[in-house]
Structures are given as structure tokens and as C-alpha cells.
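Let us walk through this protein chain step by step. Look at the structure first, then follow the text along it.

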Amino acid sequence: TVQGALTAETETQMTVTSGSQERVVDKTDIEQRTNSPSGMPAQGDILSRSELRDLVEFLVNLKGSEH
């Protein structure tokens, strides 16, 4: 199993990057491919909708504060 961001793709190979590690995979070696809609990990188990809304509100309000 290889997980990471798809950073390059040709007719025969894919380059997947995870952190500082880059891996080139031959497409003939792939049994199953699943593309995520985003490079971000799923957030559903981390924050509820209301917690996410609160976080966004907090970040928007930081724009006007002095840091």
C-alpha cells in the first residue's frame, strides 16, 4: 500500500510523495487505485461540524487581531 500526494503521472508510472519521501510506482504493479478528493486526510473523525465551524470563526477573527 502506498499513500500520499500524487505529484507526477505518466502513461507508465506514478510518483507519490508522502512527507519528504518520494516513491515512483510502475502502473503495472498497481492492483487497485483509490483517488481521494483531497490530499488532506479525512477530518470527519477529528472535528464535528460545529467544532469545525467554531474553528473557522476563530481563524477569521484572528485576521484583525495583533500577533
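Start with one residue. Thr-15 counts as buried, because its relative accessibility is 13% and the cut-off for buried is under 20%. Keep in mind that this is a predicted model.

Where does Thr-15 sit? Its place is strand S2, which covers residues 13-18. What does Thr-15 touch, leaving aside residues up to four places away in sequence? On one side of it in the sequence, the partners are Ala-5, Leu-6, Thr-7 and Ala-8. On the other side, they are Glu-22, Arg-23 and Val-24.

Now step back to the whole chain. It has three strands and one helix. Read from the N terminus, the order is β-β-β-α. The chain has 67 residues, and 6% of them count as buried. Thr-15 is one of the buried residues.

Next, consider contacts along the sequence. Take the contacts with a separation of 6 or more. Residues 24 or more positions apart account for 5% of these.

Move on to the helix. Helix H1 spans residues 49-62, and Leu-62 belongs to it. Is Leu-62 buried, exposed or partly exposed? Its relative accessible area is 32%, so Leu-62 is partly exposed. Leu-62 also belongs to a nonpolar patch on the surface. The other members are Leu-52, Leu-55, Val-56, Phe-58, Leu-59 and Val-60. Together, the patch residues have about 610 Å² of accessible area.

Finish with the surface of the chain. Its accessible area comes to about 6400 Å². Carbon and sulfur atoms hold 49% of that surface.

Terms used:
Residues are numbered from 1 along each chain as its sequence is written. This is a predicted model: local features need pLDDT of at least 70, side-chain atom pairs count only at pLDDT 80 or more; totals for chains, interfaces and linings use all residues. Side-chain values use heavy atoms; hydrogens and water are left out. Helices (H or I, at least four residues) and strands (E, at least two) are DSSP runs, numbered from the N terminus. Buried means under 20% relative accessible area, exposed over 50%, partly exposed in between (1.4 Å probe, protein chains only). Contact means heavy atoms within 4.5 Å. Accessible areas come from the Shrake-Rupley method with a 1.4 Å probe; for residues, only the protein chains shown count as cover. Patches are made of residues with over 30% relative accessible area and no salt bridge: like charges are joined within 9 Å, nonpolar side chains (Val, Leu, Ile, Met, Phe, Trp, Tyr) within 5 Å. A salt bridge is a side-chain nitrogen of Lys or Arg within 4 Å of a carboxyl oxygen of Asp or Glu.
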